[in-house]
Amino acid sequence: MNDQYGWLKVLHVLAVISWMAGLFYLPRLFVYHAENAGKSDVTNVFKVMERRLLRAIMRPAAVVVLLSGAGLIHLGGWDQGIPVWLWLKLILVAGMVVFHGMLEMHAARFKDSRERQSGRYFRVINEVPTLLLIGIVILVIVKPF
């Protein structure tokens, strides 16, 4: 592997950290947003925070994660034969992308004041990225397969 691979890995890890921060924080904002429904002065603040988090951090970071991840697969020579651990990681990353899409959907509903889910619902789904991240880290570090 060369310097290019190392720097791309740095970019990938930094983008993962940024994306994960958003995936952890946005559902927490949704908890507070849902629990303050009917208080337009409060919910308007949450709408701005949610929009900025998605536009300025989460979406760009997710794009960088996916592009740099694809670059790492290519530079690592894995595009010629992907090991089982990497296939499993990619499946979990796809789950993370689906979760991100769900959060985008909820944000759109909150924006239009159409969200009907409770704060409890958002507390529960807030655990999804944690579980996916644990699986991803185990697969990347231990490479059990």
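Entry 1, E115. I looked up E115 in this predicted model and found that E115 is buried yet has no salt bridge. The nearest side chain of opposite charge belongs to R109, and I noted its distance from E115 as 4.1 Å; a salt bridge requires the nitrogen to lie within 4 Å of a carboxyl oxygen, so the pair with R109 does not count as one. I then asked which side chain makes a polar contact with the side chain of E115. That partner is H106, at 2.7 Å. Leaving aside residues up to four places away in sequence, I listed H106, R109, F110 and F122 as the residues that E115 touches. As for its place in the chain, E115 sits in the loop that links α3 (84–111) with α4 (119–125).

Entry 2, V137 and the surface. I turned next to helix α5, which spans residues 128–142 and contains V137. V137 has a relative accessible area of 43%, which means that V137 is classed as partly exposed. I also found V137 in a nonpolar surface patch of about 590 Å², where the other members are L131, I134, I138, I141 and V142.

Entry 3, the whole protein. I counted 5 helices and 0 strands, and along the sequence I read the pattern as α-α-α-α-α. The C-alpha atoms fill a box of roughly 55 × 25 × 20 Å along the principal axes. Of the 145 residues, 37% count as buried, while the protein exposes about 8500 Å², with carbon and sulfur atoms supplying 67% of that area. Among contacts with a separation of 6 or more, I noted that 78% come from residues 24 or more positions apart.

Methods. Residues numbered from 1 in each chain as written. Predicted model: local features only at pLDDT ≥ 70, side-chain atom pairs only at ≥ 80, totals over all residues. Heavy atoms only, no water. Patch = residues over 30% accessible without salt bridge, like charges linked within 9 Å, V, L, I, M, F, W, Y side chains within 5 Å. Areas by Shrake-Rupley, 256 points an atom, 1.4 Å probe, with all protein chains shown as cover. Helix = DSSP H or I, 4+ residues; strand = E, 2+ residues; numbered from the N terminus. Buried < 20%, exposed > 50% of the residue type's maximum accessible area, 1.4 Å probe, protein only. Lys, Arg positive; Asp, Glu negative; His and termini not counted. Polar contact = N/O pair within 3.5 Å; in protein donor to acceptor, adjacent residues only side chain to side chain. Contact = heavy atoms within 4.5 Å.
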